[in-house]
Amino acid sequence: MKPGDNALDRLFRAAANAPGQESCRPSPALQAQILATWQHRNPAEEFTVMLSLFRRAVAVAAAVAAITVLLSLRGDDSHLQLPAMDSMVLDSVSELTPLP
Amino acid sequence: MDVPAAVRRAKRGDEEAARALLAHLYPLVLSVVRGHLPRRLSEEDLTQMVFTKIFTKLDQFSGTVPLEHWVSRVAVNTCLNALQAEKIRPEFRWADLTEEEEHVVKQLASTQEELDPDRSLGARDLVEKLLETLKPNDRMLLRLLHMEGRSVQEIRQATGWNVSLIKVRAFRARQKLKKQLQRLMKENTPSHEAR
């Protein structure tokens, strides 16, 4: 083994044997923070939030649909009329050339 | 502690089960966090980040591997993401070493014997300084390999890297550290000390 390798390995071995800091239990504050974050993101809670959003979206969509129907029934629909379709169809037919 | 049962209950939102899992997994998570802590983050902040990720992703834990392996992987990846943002420290010189670290380098240069046990703290600090000159991935790999004594297979499980990548990366990272250490040992020659 090369001297450099040897020195590095000895250094690593000594460092790995250094005493570590002892702490086997989370502090109450840390525990509370982690659990609070977890509960905030609890899937059951997320589902409730999503359900309430969905209900609101359905209510808004129903209201918009009702308003649209009411307006279409009450409003003047003359501007929606298309040009005379009969003449258009006849014109297109007259332009056809017979096959040889 | 019945870990699978606690996981099932925690998945259903049982706070007591989550509390028990937290206490059970804390030493494991703390050891990973302490080994791979970026300079800009506190130990507690990073531990909280890891646990938040663990509990958020708990639904994805299938139970096909032991919970501890899965948690270890989540912890290592969270630490690695935190380390990615950290800049690599430039090379340091003899003058940057503490007195204790100087003794360690002198002893390494003067003898082929193992370092004295009372030099272990200095050795750990010196290793930390050396590791900070490496890229985050390399730093994490050498910590796992040499400080925590993990096998290549265990590192593969924890990081998701393949075996050949681990070996090549470890070899290159060791080469870099070796050069740094040799440079420090040369700086400790009598000609340098005389200046």
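This is a short chat about how chain A and chain B meet in a predicted model.

Visitor: How many residues does each chain put into the contact?
Guide: Chain A gives 36 residues and chain B gives 45 residues, and the area buried between them is about 3600 Å², with carbon and sulfur atoms giving 63% of that area.

Visitor: Which three residues of chain A supply more of its buried area than any other three?
Guide: Those are Arg10(A), Phe12(A) and Trp38(A), which supply 21% of the area that chain A buries against chain B.

Visitor: Let's turn to Arg10(A): where is it placed, and what does it contact?
Guide: Arg10(A) is in helix α1 of chain A, and, leaving aside neighbours within four places in sequence, its contacts include Gln107(B), Leu108(B), Thr111(B) and Glu114(B).

Visitor: And how far away is the nearest side chain of opposite charge?
Guide: That side chain belongs to Glu114(B) and is 5.7 Å away from Arg10(A), which is buried yet has no salt bridge; a salt bridge needs the nitrogen and the carboxyl oxygen within 4 Å.

Visitor: OK, so how many salt bridges does the rule find across the interface?
Guide: The rule finds 2 salt bridges between chain A and chain B, and the side chains of Asp9(A) and Arg174(B) meet in a salt bridge at 3.0 Å, N to O.

Visitor: Which part of chain A gives the largest share of the side that touches chain B?
Guide: The largest share, 13 residues, comes from α1(A), and by class the side of chain A that touches chain B has 16 nonpolar, 12 polar and 8 charged residues.

Terms used. Residues numbered from 1 in each chain as written. Chains lettered and ligands numbered in written order. Predicted model: local features only at pLDDT ≥ 70, side-chain atom pairs only at ≥ 80, totals over all residues. Heavy atoms only, no water. Contact = heavy atoms within 4.5 Å. Buried area = accessible area lost by both parts, 1.4 Å probe. Helix = DSSP H or I, 4+ residues; strand = E, 2+ residues; numbered from the N terminus. Nonpolar A, V, L, I, M, F, W, Y, C, P; charged D, E, K, R; others polar. Buried < 20%, exposed > 50% of the residue type's maximum accessible area, 1.4 Å probe, protein only. Lys, Arg positive; Asp, Glu negative; His and termini not counted.
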